[in-house]
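Subject: Structure for your review

Dear colleague,

Please find the structure below, followed by an account of what was found in it.

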Amino acid sequence: MKKIIISISIALAAAGFTPPASAQFDLGHALQAGIQGIQAMTLSDEQVAEYARQSVEQMDAENTVAPDNDPYTRRLRSITAAFKSADGLPLNFKVYKTSDVNAFACPDGSVRVFSGLMDMMDDDELLGVIGHEIGHVEKHHSRKQMKQQLLQGAFVEAISSAGGRLATLSQSQLSQLGQALASAKYSKKQEEEADDCGYDFLRRNGKNPWGMVSAFEKMSAMEKASGAQYSYLQKMFSDHPDTDKRIKSMKKRCKKDGITEPTAAELKAAQAMNQEYYNRGGDNKSKSSVTTSSKSSNKSGTKSSSSKKKPSKRK
């Protein structure tokens, strides 16, 4: 009997169930909760991806998604055209029309970028942020976050009652999952891993990873100036005092790979180019005649995303 109690206790602890010290221990109820938690812990990667897909679908319905002909969507599609997959997952991109500054990538391959972030970033900087977020997918950070969320509250009961099949979650539950993904905070180690993984992702896809450095510097300066009022700044930097260390690490990698730092004039021109692009309603002609935002002299041929001459008309 003692061995049984010990086994039950271990199972409950593994499932994350810890009854309060003041509560009367109801073995039957506790065992049921423990079984439900264990069942939830056995979620497959495919199931997690499907829950993520459903939650993103719910978020898309709740937010203003930029249509296909919108300048924001056309710009995002243009600069991410080379990004087909990450960790074996097909990537899909959409823009949420909001002044909020945020971007996130989900364990199903969905990437959502807020127009407020796009307004403040040139192409290379925006790709740097996107690369970092995709880094969380490739390192399975977003998948772990989703699993942790599914091990809480009503999610456990819904999943366990499905008997190993995909549970039917309510719209409010899907919305809750989506919000958790959009506002997920990662550990210092995970952020550093996403930095390195995002850097490698950009390099593999022929993009200039110096944009990640420039984006981080810009957001770090905003954080210090605004007291971290922006959601994305809070998510990425507020809990991590080593922001400068992360920036230096990215600079070191760029210099080692022979990627030169863009001048202040180039960065200013790139930002002006983006503003002109929006002023013209997404007419790509305005982007082909402006100085590039950064240069690369590395052997692998990585170039700035904005240094490639773009066609005057989009198909």
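I begin with Leu181, which has 5% relative accessibility and therefore counts as buried. The model is a predicted one, and this should be kept in mind throughout. Leu181 belongs to helix 9, residues 171–182. Leaving aside neighbours within four places in sequence, Leu181 is in contact with Ser55, Phe104, Cys106, Pro107, Ser142 and Met146. For one of these partners a C-alpha separation is also available: Leu181 and Phe104 are 77 residues apart along the chain, and their C-alpha atoms are separated by 7.3 Å. Another partner, Cys106, is buried, because its relative accessibility is 0%.

Overall architecture

The protein chain contains 14 helices and five strands. Of its 315 residues, 49% count as buried. The accessible surface of the chain comes to about 15,400 Å², and carbon and sulfur atoms account for 51% of that area. Among contacts between residues at least 6 apart in sequence, 70% join residues at least 24 apart.

Strand 5 and its partners

Strand 5 covers residues 110–114, and five of its five residues are buried, so the strand is largely enclosed by the rest of the structure. In a regular strand the side chains alternate between the two faces of the sheet. In strand 5 both faces are covered: Ser110, Arg112 and Phe114 lie on one side, Val111 and Val113 lie on the other, and all are buried.

Two pairings involve this strand. Strand 3 (residues 92–96) pairs with strand 5 in the parallel sense over five bridges; within this pairing, Phe93 has Val111 as its bridge partner. Strand 4 (residues 103–105) runs antiparallel to strand 5 and is joined to it by three bridges. Here Phe104, already mentioned as a contact of Leu181, has Arg112 as its bridge partner. Strands 4 and 5 form a hairpin with four residues between them, and Gly109 in the turn has a positive phi of about 95 degrees.

Nonpolar cores

In soluble globular proteins, nonpolar side chains tend to be buried together. The largest nonpolar core in this model has 40 residues, and those with the most contacts inside it are Phe83, Leu117, Leu126, Ile130 and Ile134. Apart from it lies another core, of 22 residues, among them Tyr51, Tyr96, Cys106 and Leu150. Returning to Leu117, its contacts, not counting residues up to four places away in sequence, are Asp100, Val101, Asn102, Ala103, Leu126 and Val129.

Which other cysteine has 0% relative accessibility? Cys254 does, and it therefore counts as buried. The number of disulfides in the model is zero.

Helix 10

Helix 10 (residues 188–204) has 17 residues and reaches 24 Å from its first C-alpha to its last, close to the 24 Å expected at 1.5 Å a residue. Its buried residues are Gln190, Glu191, Ala194, Asp195, Cys197, Gly198, Tyr199, Phe201 and Leu202. Asp196 also lies in helix 10, but with a relative accessibility of 32% it counts as partly exposed. Not counting residues up to four places away in sequence, Asp196 touches Met250 and Arg253. The C-alpha atoms of Asp196 and Gly131 are separated by 9.6 Å, with their positions 65 residues apart along the chain. Just after the helix, Gly206 takes a positive phi of about 70 degrees.

Positive phi at residues other than glycine

Two further loop positions deserve a look. Asp87 is not a glycine, yet its phi is positive, at about 55 degrees. Asp87 is found in the loop between strand 1 (85–86) and strand 2 (89–90), and its 37% relative accessibility makes it partly exposed. His140, likewise not a glycine, has a positive phi of about 70 degrees. His140 lies in the loop between helix 6 (123–138) and helix 7 (141–150); with a relative accessible area of 27%, His140 is partly exposed.

With kind regards

Terms used. Residues are numbered from 1 along each chain as its sequence is written. This is a predicted model: local features need pLDDT of at least 70, side-chain atom pairs count only at pLDDT 80 or more; totals for chains, interfaces and linings use all residues. Side-chain values use heavy atoms; hydrogens and water are left out. Buried means under 20% relative accessible area, exposed over 50%, partly exposed in between (1.4 Å probe, protein chains only). Contact means heavy atoms within 4.5 Å. Accessible areas come from the Shrake-Rupley method with a 1.4 Å probe; for residues, only the protein chains shown count as cover. Two strands pair if DSSP finds at least two bridges between them. A nonpolar core is a set of buried Ala, Val, Leu, Ile, Met, Phe, Trp, Tyr and Cys residues joined through side-chain atoms within 4.5 Å. The expected span of a helix is 1.5 Å times one less than its number of residues. A disulfide is a pair of cysteine sulfur atoms within 2.5 Å.
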